[in-house]
Amino acid sequence: THCVSGCVCPHNQVLDGKGGCIAPEDCPCVHNGNFYSPGESIRVGCNNCTCRNRKWHCSEEPCLETCSVYGDGHYTTFDGKRFDFEGDCEYVLVQNYCGQQGMNQGTFRVITENIPCGTTGTTCSKSIKVFLEVSIFFNKFDGHSDVIQRTPGGKMPFQIRSMGIYLVVDTTVGLILMWDKKTSIFIKLSPSFQGHVCGLCGNYDGNGNNDFTTRSQSVVGNVLEFANSWKVSSSCPNANRTKDPCTANPYRKAWAQKQCSIITSEVFAKCHSQVEPNEYYQACVDDACACDTGGDCECFCTAVAAYAQACNELDICISWRTPSICPLFCDYYN
């Protein structure tokens, strides 16, 4: 129905913004700047939201939040705070024994071991260690996993399976770990642990502003002070701020920017309004500049895959790999 008399709609109708008139219940809903018609659904976290009578009506399932670590020290906490940290040591990613509690009172701990992976001082994860009732050890370089049983008998408190390019560990304590057998790890944690964990993944209390909580339970503003406090061994030297990899390797900058522009291109257009791409793009450029001792394409592919995974968490599946851009062989899918 078109509007009449100078774009004034008939009784009980409203303008639709396109020169027409519609009933109020036919108005769209808005999410991240996008308009959705009545009856359309979107995914927000692990919940479905349906547009009805100009409002979103969402299911209220408790969602597992994700902490991610990828590439040359890029972290996103459970509460969504992003930071970069490059230290040459073992660090606690997440554990549920914090503050004054004894080390034996928790049920899990995840540790990453970082080593230098470029001449600019950047570091990459060498191995991941998961401590439950048993220890599970993941080695980055050959992609294998070792299980060391510490309690005799009984059922293992986890299950290891493959899902696409990821090795997935499902535990009985409410922790899920996804590892690409290279430099990316995603840790999903049950809402029952909200506010009861600590480490580089933050405290999971819904507030990203206090995620820089040190081992001594002090909230600080400095990334280095926060991250260095989570060293497993006090004998490791404290990490210092590394120099900008593209300044150190200026000959790689143009190549890195060209390669990484796929993140801000039309390929990922339908994800841009849901997951802000610029921070992922900059992390990609830094990694592509930093990996100057081999594996430069792997660093680029890992950085793009991290953005694709963030999109996938919101049910936005992007087909970005091609035979010439980070191809995967059929073995990954079999």
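## Helix α5, its partner helix and the sheet

In this predicted model, V69 has Y75 of strand β9 as its bridge partner. The pairing behind this runs between strand β8 (residues 65-70) and strand β9 (residues 74-76). Three bridges join β8 and β9, in the antiparallel sense.

Both strands belong to an open sheet of seven strands. Its order is β10-β9-β8-β19-β18-β17-β16, with antiparallel pairing. The edges are held by β10 (82-84) and β16 (158-163). Each has a single partner strand, so one side of each lacks a neighbour in the sheet. On average, neighbouring strands here are turned by 15 degrees against each other, direction ignored.

Helix α5 packs on this sheet. The helix touches β8, β9 and β10. Its direction makes about 15 degrees with that of β10.

Helix α5 also meets helix α3. The axes of α3 (residues 253-260) and α5 (residues 278-290) come within 8 Å and cross at roughly 140 degrees. Because of that angle, α3 is oblique to α5. The crossing of α3 past α5 is right-handed.

Which residues in α3 and α5 meet? The table lists them by helix.

| Helix | Residues in the contact |
|---|---|
| α3 | K253, W255, A256, Q257, C260 |
| α5 | Y281, C284, V285, A288, C289 |

By class, this contact of α3 with α5 has eight nonpolar residues, one polar and one charged.

Helix α5 thus has two sets of contacts described here: strands β8, β9 and β10 of the sheet, and residues of α3 including W255 and C260.

Technical notes. Residues numbered from 1 in each chain as written. Predicted model: local features only at pLDDT ≥ 70, side-chain atom pairs only at ≥ 80, totals over all residues. Heavy atoms only, no water. Axes fitted to C-alpha atoms, helices over the stretch in contact; angles between N-to-C directions. Helix = DSSP H or I, 4+ residues; strand = E, 2+ residues; numbered from the N terminus. Parallel < 35°, antiparallel > 145°, perpendicular 65-115°, else oblique. Left-handed = near helix turned anticlockwise from the far one by under 90°. Contact = heavy atoms within 4.5 Å. Nonpolar A, V, L, I, M, F, W, Y, C, P; charged D, E, K, R; others polar. Pairing = 2+ DSSP bridges.
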